[in-house]
Amino acid sequence: MHLPHQRGPLHDLPDTPQAYDAVLADVTEQALARLTPEGSLEHPGAHDDIGDTSLGITSLLALAWQRGKDPRLPEAVRRSLAFHLRERVHTGDNPGYPNLRTANSGLPYARYVLEAGAHPIGDWPSTVWALLQAVNVLDAADGLLDDEQRTELRQLAHGYWRWLTEATFFNPQEAGNQAIGCVVGGLMLARHLPEEQGKPVRERALSLYADKIRAHRVRDRGALLPPEHGGAYDNNYGPISLSFLAQAHRVSGAEVFAEDGDTLARYLDARLTGGGYDCGGPRYSEQHSGFESVLGLRYFGARIGADLGRYRGDTRWGRHAVQRDGRIDGHFAFMLVWQIQDPTRWHRTPSPHPARHQLRSGTVSVAFDSRLTPSLIEAAGTYYLPAAVRRQHGFGPVTDGFLLCRPMGEVRVRDVRADGLAAKLVTKPVVGRDHVLRHVRSLYVTDGTRLWVTVAVERLDGAPYLLSGLPYAADDGDRVRRTAEGEVTAAGALRLTHPAAPGDDHFDARAELTQEQAAFTLAADPRGYGNPDEGWSHLVSSTALEADPAPGAPDGLHVFAVRYGPGEAFAPVFDQGPDGGLTVRTEAFTAVVGPPAGDGRAEPSLTLHG
């Protein structure tokens, strides 16, 4: 089976002006055929996320008219705008809405579901989206709207802003993308208001960003990130936040948005595999966004010099939102407007700079979590997740069921590139159940097609092995398919084990259940509201590669050696110097890993040559 949302890299979609004109031409024909006598442009099958959808298509038609002056469009824009102003503006409180600060304010808002009292929790983001669609129409109003409609729309947009920032609690779902989107709406709205109204709106937008979003950033892998549904990063919403930061910078010029966008972009670049696959998040784990991410990935990819467009989005939403029949839905249309308006083009080459939480070369990549344990390994087109044993997750030595990968002290890293090879040495102190402190030295070396992992640790009791990953997915053309195997070789005996115990908390990669589905099954709350990262953390055991110690290790050490990807016979040789340094010789390289104590500054040392 293929993963449902991990599809093609987003930079594979043409982004020339001609390509976008073709997209708008298709939108125009669909919209003109759909326009009802009342002026609605909503998809007839739409139910939720509906409060902004007709207005979103109106904004696309306004942009299409600006670019092509199709004589059919002015009347369609005016009729559809009149429909929104007449039928989709609500001023009475929605029964059951829990996040009001002021009851019966009379301020306008957009509903997530049109029926009163039906799922009102979504009204806050729906009103953000409606505000953004409205300001896009205002941006294109010259020559399209008469003074009366223009004034009414401007007043409506201002009312939306006041409802979001006065009548309700700000960002009630603790969703960074929604909150930054609201800030963008205020910044764009301020340009359409008289100075005495616009200035306080702009100032309020900037203060909300500083005090309600930036001050509450969450740290992950060394980066401070806008919080997303209670976590630091989400594969669906994180890149959408990046798009909102791009638009905030484009509109305001405020450097804070560029700085925070650069930080988020570098974080994303480090956690993302070379092939564009990733998983994990506090709201969705593998449900990737599509066109909503393009602006941010493209804008900040160019700023930081990284190929962020490799991100595998859901290309069914590659241009705009669609319903199940493939026809356009106006939800989130503002993102298509902005990416058409932005002249930035894709940066298509990888960043040449080493990143603390990533090793990447050619078709091989290793992403590391905050503990500098691999969170995702990519080699030979296969993706490996951290395996689980006795509720412990990661890559590392296991002795008596205890996984040695959680640091008890400072983790140190050394990056080296030489002779076409890229390497990362990670040294961390760990404590076992016996309370003995040990130093785990993990060496990762790649030639761009294969990955060698060598792990050395003071000799362990019992029958230790190296937990070497859960083979989970593999590239299959422009899709990603599930797998339960990979091309892996070890110097010692290698086993691929599967959970023997039944139950949701034992993940067997041979089953069709996806990582995201399993994570939501284990989460405390329902799918879409629970935290899949937290749910996945409850996993007891999983399919796992287990590598026994390599033969010929120096006295006092256990050394494990694994190669991911194709190659000849694998028989590495190890030598230990009098200072405790370890020399590793394989068929492709020789590496000298310094002693656990490090150099004169206690930093790890590594030399490498092919």
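How many residues lie between β4 and β5 in their hairpin, and which residue in the turn has a positive phi? There are 5 residues between the two strands, and L372 is the turn residue with a positive phi, of about 60°. Please keep in mind while reading that this is a predicted model.

## Strand β4 and its two hairpins

Let's stay with β4 for a moment. Strand β4 covers residues 364-368, and 5 of its 5 residues are buried, so the strand is largely enclosed by the rest of the structure. Cover is found on both faces: V364, V366 and F368 are buried on one side, while S365 and A367 are buried on the other. As background, side chains in a regular strand alternate between the two faces of the sheet.

β4 has a partner before it and a partner after it in the sequence. Strand β3 (residues 358-361) runs antiparallel to β4 and is joined to it by 4 bridges. Strand β5 (residues 374-379) is also antiparallel to β4, again with 4 bridges. A367 is a handy residue to follow here: its bridge partner in β5 is L376, and A367 is itself the partner of Q358. The hairpin made by β3 and β4 has 2 residues between the strands, and G362 in that turn has a positive phi of about 60°.

## The sheet β24 to β27

Further along the chain is an open sheet of 4 strands, in the order β24-β25-β26-β27, paired antiparallel. β24 (573-576) and β27 (606-609) form the edges; each has a single partner strand, so one side of each lacks a neighbour in the sheet. On average, neighbouring strands here are turned by 10° against each other, direction ignored.

Within this sheet, β26 (residues 590-593) and β27 run antiparallel and are joined by 4 bridges. One place to look is V593, which stands opposite L606 of β27.

## Two buried residues of strand β12

Strand β12 spans residues 421-431 and includes T427. A423 lies in β12 too. Is A423 buried or exposed? A423 counts as buried because its relative accessibility is 1%, with the cut-off for burial set at under 20%. Leaving out residues up to four places away in sequence, A423 touches L359, R414, D415, V416, L443, Y444, V445, L606 and L608. One of these contacts, L606, is the residue that stands opposite V593. A423 and L187 are 236 residues apart in sequence, and their C-alpha atoms are 45 Å apart in space.

T427 is buried as well, with a relative accessible area of 13%. Apart from residues up to four places away in sequence, T427 touches E410, V411, R412, V440, R441 and P604.

## Helix α5 and its packing

Helix α5 (residues 147-167) has 21 residues and reaches 28 Å from its first C-alpha to its last, close to the 30 Å expected at 1.5 Å a residue. At the start of α5, a side-chain oxygen of D146 comes to within 3.2 Å of the backbone nitrogen of E148.

The buried residues of α5 include L153, L156, Y160, W161, W163 and L164. Against which helices do the buried residues of α5 pack? They pack against α3 (73-87), α4 (123-139), α6 (176-190) and α7 (195-213).

## Two loop residues with positive phi

E174 has a positive phi of about 50° although it is not a glycine. E174 sits in the loop between α5 and α6 and is exposed, with a relative accessible area of 52%.

H229 likewise has a positive phi of about 50° without being a glycine. H229 is found in the loop between β2 (223-225) and α8 (237-252). Unlike the exposed E174, H229 is buried, with a relative accessible area of 17%.

## Cysteines

How many disulfides does the structure hold? The count is 0. C405 is in no disulfide: the nearest cysteine sulfur, that of C279, is 16 Å away. For reference, a pair of cysteine sulfur atoms must be within 2.5 Å to be counted as a disulfide.

C405 counts as buried, at 2% relative accessibility. C182 is also buried, with a relative accessible area of 0%.

Notes: Residues numbered from 1 in each chain as written. Predicted model: local features only at pLDDT ≥ 70, side-chain atom pairs only at ≥ 80, totals over all residues. Heavy atoms only, no water. Buried < 20%, exposed > 50% of the residue type's maximum accessible area, 1.4 Å probe, protein only. Contact = heavy atoms within 4.5 Å. Expected span 1.5 Å × (residues − 1). Polar contact = N/O pair within 3.5 Å; in protein donor to acceptor, adjacent residues only side chain to side chain. Pairing = 2+ DSSP bridges. Axes fitted to C-alpha atoms, helices over the stretch in contact; angles between N-to-C directions.
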